[in-house]
Amino acid sequence: MDYFEWAEEYYENARRVLSVIEKKKLLLKESKKLTADRRKELNDDIIRYRRIYYELNRIGDTLRSRAEGAVREA
């Protein structure tokens, strides 16, 4: 596996996490009868998944940058 493939794997995982975030947002918007605790739980989940999403993208960007650097050096 080279850096480009590795970066793409991180980006794919980020897309999966984004899908989970969107589903949780939809639950939050569609469910009118949510308790305050459930609403807070969903918001906390979204915040946690958002951090994971940004971290996956940051690592993907770093790997892609390394891959481009390796191509220039070759």
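**Entry 1: Trp6 and its surroundings.** I began with Trp6, which counts as partly exposed at 37% relative accessibility. I keep in mind that this is a predicted model. Trp6 sits in helix 1. I then looked up what Trp6 shares the surface with: together with Met1 and Tyr3, Trp6 makes a nonpolar surface patch of about 350 Å².

**Entry 2: Ile21.** Staying in helix 1, which covers residues 3-30, I moved along to Ile21. Is Ile21 buried or exposed? I found a relative accessible area of 2%, so Ile21 is buried. I also wanted to know which residues Ile21 touches, leaving out those up to four places away in sequence. The list I got is Ile46, Tyr49, Arg50 and Tyr53. Helix 2 runs over residues 36-73. Out of curiosity I looked up Val71 too, which is 50 residues from Ile21 along the chain; their C-alpha atoms are separated by 35 Å.

**Entry 3: Lys29.** My next stop was Lys29, also found in helix 1. Its relative accessible area is 67%, and because exposed means over 50%, Lys29 is exposed. I checked Lys29 against Arg39, ten residues away in sequence, and got 9.7 Å from C-alpha to C-alpha.

**Entry 4: Salt bridges.** How many salt bridges does a search of the whole structure find? I noted nine, and I looked at some of them one by one.

- In helix 1, Glu12 pairs with Arg15, with 2.9 Å between the closest N and O atoms. They are three residues apart, so about one helical turn separates them. Both are partly exposed: Glu12 has a relative accessible area of 31%, and Arg15 has 43%.
- In helix 2, Arg38 and Glu41 are three residues apart, about one turn of the helix. Their salt bridge has its closest N and O atoms 2.8 Å apart. Glu41 is partly exposed at 41%, and Arg38 is partly exposed at 30%.
- Further along helix 2, I saw that Glu55 and Arg58 are separated by about one helical turn, being three residues apart. Their side chains meet in a salt bridge at 2.7 Å, N to O. Arg58 counts as partly exposed at 47%, and Glu55 is partly exposed at 36%.

**Entry 5: A network.** Last, I went back to Glu12 and Arg15 to find out which residues they are linked with. They belong to a network of salt bridges that also takes in Glu8, Arg16 and Arg64. Arg64 falls within the span of helix 2, residues 36-73.

Terms used. Residues numbered from 1 in each chain as written. Predicted model: local features only at pLDDT ≥ 70, side-chain atom pairs only at ≥ 80, totals over all residues. Heavy atoms only, no water. Helix = DSSP H or I, 4+ residues; strand = E, 2+ residues; numbered from the N terminus. Buried < 20%, exposed > 50% of the residue type's maximum accessible area, 1.4 Å probe, protein only. Contact = heavy atoms within 4.5 Å. Patch = residues over 30% accessible without salt bridge, like charges linked within 9 Å, V, L, I, M, F, W, Y side chains within 5 Å. Areas by Shrake-Rupley, 256 points an atom, 1.4 Å probe, with all protein chains shown as cover. Salt bridge = Lys/Arg side-chain N within 4 Å of Asp/Glu carboxyl O.
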